[in-house]
Amino acid sequence: MNPIFANIPTTIFEVMSGLARETGAVNLGQGFPDDPGPEDVRRKAADAVLNGYNQYPPMMGLPELRGAIAAHYKRWQGVDLDPTSEVMVTSGATEALAGAILALVEPGDEVVLFEPMYDAYLPLVRLAGGIPKFVTLQPPHFRLTEEALAKAFSPKTKAVLFNNPLNPTATIFSPEDLALLADFCRRYDAIVISDEVWEHVVFDGRRHQTVLGLPGMRDRSVKIGSAGKIFSLTGWKVGFVCAAPHLMKVLAKAHQFLTFTTAPNLQTAVAYGLGKDDGYFETMRRDFTRSRDRFTAGLKTLGFDVIPSQGTYFLNIDIAPLGETDDVAFCRRLVTDFGVAAIPVSAFYAEGAVKNVVRFCFAKKDETLDAGLERLAKVA
Ligand code: PMP
Ligand code: GLN
């Protein structure tokens, strides 16, 4: 077996959801909403299944979806994309990440990673033979600093893996952070693989800024998105990649042998959904904001130390004030003894640098959040 896989555990999301299923715990761990997703979008997919959208679609994605992705990002982020040379559909953001890393990173290339990082990044970098260079972001603000970037970048830097809004910290990088990142990428001639799957889940009047729109970054950025997050349909696994034609040509080579295509019935439904009016997106943000505020208030009333959530449908608590020093042990006890599944944030660090933060998903019905809080009352 490839030692990269032999030596890594099953992803924490599967472990925690498995434990929640076994124990009947309230699952606030793995990130998925219990909202069924917009009915019209689901109906489009059902109609497409019945009406014959079931054979291999074009490798790069259905033209109608590629066009809808370009139009969506023009409308929301002001970027001009040519749908035929700069947009590709993948089987989830996960495939897009895998393809981008495998296609762009050569053995011996250095790749800058920001900790905490989504758990797929590091194994994929290692699989490509890349050498990870970590920047550890510090709570509570998780800002980029000139000193930290200067230590991580070198003439061997090929790529940077960036995630904004950031899962798991639920923070959004500031315009100054983005300018600093762009400055380093330009200076070291590095490509940024930008995981922007949470682009629409931003709170308190914030607006997402894509790396594609930053000065000098248009030709050195790979922007990744996911319909799973935009429509609360995480199981659909329809992802988008946007990049300049010279990068896209290489990304397409990886895509053709990873999955080749993505279910066309889902693609056509996503194309329809991307054209939804502003009201849909406003309602989504308003509903998630309400759940965030309800769960935050509940946790605070119980005495938990809540790290505020600016985006994504996660929030974190600091368990150090509870006298806890091991987030994994704490989460195991939480699920088995108290009936609540959560995610230990050390899973997002290469060497478990932080062990006192626990992540909850609040994209749940009020009853589910309240049931979770009732159980958590016994812990605090
Ligand atoms: N990147 C991040 C930061 C995520 O949070 C997720 C899933 N929640 C993904 C990638 C994977 O997205 P998909 O389900 O579209 O593969
Ligand atoms: N992205 C989701 C999360 O952060 C989980 C995705 C997965 O299960 N791999 O919870």
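This section describes the domain arrangement and the seven-stranded sheet of a predicted model.

According to the domain assignment, the protein divides into domain 1, made up of residues 3-30 and 279-376, and domain 2, which covers residues 39-274. The centres of domain 1 and domain 2, taken over C-alpha atoms, are separated by 24 Å. To the contact between them, domain 1 contributes 27 residues and domain 2 contributes 28 residues. On the side of domain 1 that touches domain 2, at least two residues each come from helix 12 (278-301) and strand 10 (314-318), and helix 12 gives the most, with six residues. By residue class, this side of domain 1 comprises 17 nonpolar, seven polar and three charged residues.

The sheet is open and is formed by seven strands in the order 2-8-7-6-5-3-4, with mixed pairing. Its edges are strand 2 (87-90) and strand 4 (131-136), each of which pairs on one side only, and from one strand to the next the twist averages 20°. Within the sheet, strand 3 (residues 110-115) and strand 5 (residues 157-163) run parallel and are joined by four bridges; Val111 has Ala159 of strand 5 as its bridge partner.

Two helices that pack on this sheet both touch strand 2 and strand 8. Helix 4 (residues 63-77) touches strand 2 and strand 8 (239-243), and its direction makes about 115° with that of strand 2. Helix 10 (residues 245-258) touches strand 2, strand 7 (221-226) and strand 8, and the direction of helix 10 makes about 20° with that of strand 2.

How values were computed: Residues numbered from 1 in each chain as written. Chains lettered and ligands numbered in written order. Predicted model: local features only at pLDDT ≥ 70, side-chain atom pairs only at ≥ 80, totals over all residues. Pairing = 2+ DSSP bridges. Axes fitted to C-alpha atoms, helices over the stretch in contact; angles between N-to-C directions. Contact = placed C-beta atoms within 7 Å. Domains from an automatic or database assignment. Nonpolar A, V, L, I, M, F, W, Y, C, P; charged D, E, K, R; others polar.
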